[in-house]
Amino acid sequence: MVEKIMSNKIKISPSILSADFARLGEEVSAVDKAGADYIHIDVMDGHFVPNITIGPDVVKALRPHSDKVFDVHLMISPADLFLEAFADAGADIITIHPEAGPHTHRSIQTIKALGKKAGISLNPATPVNVVEHLMDDLDMILVMSVNPGFGGQSFIKSQLDKIKTLRQMIDATGRDIDLEVDGGIDKNTAPLAIAAGANVLVAGTATFRGGPSEYANNIKTLRGD
Ligand code: DX5
Ligand code: ZN
């Protein structure tokens, strides 16, 4: 029973990077109906990471396809120039990387001033102390369990210790800050991330595997139901 209550708190955020880009609206609607809590949108610029994906106009076009939280992960540098455009496009949470600009605190303040939830994403080699003086303003901390840029990579297990440390730091604040894990999440690694203290799991490959008829089962499996 206790385990059941715990697992009910786990949120699944399907990364649409693994969706069929030719049918993106339908894919977003399908994972929404299949039980997704958030919709994870990976924005890449071919500069901060070696891949190019989605811009604000696509986010805007997807917005009518779901009422779920749009969890927008910006892997772009600089991010500041585009925060307003993603806010206007319908992002609910906007997450930046501290390496993407010189003034992380200012970027977080800008996101909050736009009326959105603010997140910070830590690459596998980024130390936890970057969040230390930001805790009062953060709504999400995203731990990258792969190097950002591509779906379908293997989970880096050294990130589990980082998740545990961040869970303690979050609990010490008493604030409701999401601890999200992104990269290589599947039925084997999801329980490890949850046990370490994560409450939001991003999953691209593991959500979209098998096509629309499998999405609900895939999400259920990841949630640990
Ligand atoms: C990687 C992205 C991830 C990625 C996850 O840079 O941030 O969100 O799409 O994909 P999977 O779940 O396939 O590892
Ligand atoms: Zn992501």
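An oxygen atom of ligand 1 sits 2.6 Å from an N or O atom in the side chain of Asp182. Taken alone, ligand 1 exposes 380 Å², and the protein buries 99% of that. This is a predicted model. The space that ligand 1 takes is the largest pocket.

**Contacts of ligand 1**

- Asp182 is one partner: an N or O atom of its side chain is 2.6 Å from an oxygen atom of the ligand.
- Gly152 takes part through its backbone. A polar backbone atom of Gly152 is 2.9 Å from an oxygen atom of ligand 1.
- His73 uses its side chain. An N or O atom there lies 3.3 Å from an oxygen atom of ligand 1.

**The shell around ligand 1**

- How many residues are around ligand 1? There are 20.
- Asp42, Gly149, Asp182, Gly204 and Thr205 come nearest to the ligand.
- Sorted by class, the shell has eight nonpolar, 10 polar and two charged residues.
- Three elements each give two or more residues to this shell: strand S2 (38–44), strand S3 (69–75) and strand S8 (200–203).
- Which element gives the largest share of the shell? Strand S2 does, with three residues.

**A cis peptide bond**

- The peptide bond from Ser77 to Pro78 is cis. Its omega is near -5°.
- Most peptide bonds are trans.
- Where is Pro78? Pro78 lies in the loop between strand S3 and helix H4 (83–89).

**Buried residues**

- Phe86 has its place in helix H4.
- Is Phe86 buried or exposed? Phe86 counts as buried because its relative accessible area is 1%, and the cut-off for buried is under 20%.
- Phe86 and Ile194 are 108 residues apart along the chain. Their C-alpha atoms are separated by 29 Å.
- Ile93 belongs to strand S4, which covers residues 93–96.
- Ile93 has a relative accessible area of 4%, so Ile93 is buried too.
- Along the chain, Ile93 and Leu114 are 21 residues apart. In space, 11 Å separates their C-alpha atoms.

**Exposed residues**

- Ala113 is part of helix H5, residues 104–113.
- Why does Ala113 count as exposed? Its relative accessibility is 70%, and exposed means over 50%.
- Ala113 and Glu84 are 29 residues apart in sequence. From C-alpha to C-alpha, they are 9.8 Å apart in space.
- Ser213 lies in a loop. That loop runs between helix H8 (205–208) and helix H9 (215–223).
- Ser213 counts as exposed because its relative accessibility is 62%.
- Ser213 and Pro50 are 163 residues apart along the chain. The distance between their C-alpha atoms is 32 Å.

Key: Residues numbered from 1 in each chain as written. Chains lettered and ligands numbered in written order. Predicted model: local features only at pLDDT ≥ 70, side-chain atom pairs only at ≥ 80, totals over all residues. Heavy atoms only, no water. Near = heavy atom within 4 Å. Polar contact = N/O pair within 3.5 Å; in protein donor to acceptor, adjacent residues only side chain to side chain. Areas by Shrake-Rupley, 256 points an atom, 1.4 Å probe, with all protein chains shown as cover. 1 Å grid on protein atoms, 1.4 Å probe; cavity = no way out; pocket = protein on both sides within 12 Å on 5 of 7 lines; lining within 4 Å. Sits in = over half its atoms within 2 Å of the grid points. Helix = DSSP H or I, 4+ residues; strand = E, 2+ residues; numbered from the N terminus. Nonpolar A, V, L, I, M, F, W, Y, C, P; charged D, E, K, R; others polar. Buried < 20%, exposed > 50% of the residue type's maximum accessible area, 1.4 Å probe, protein only.
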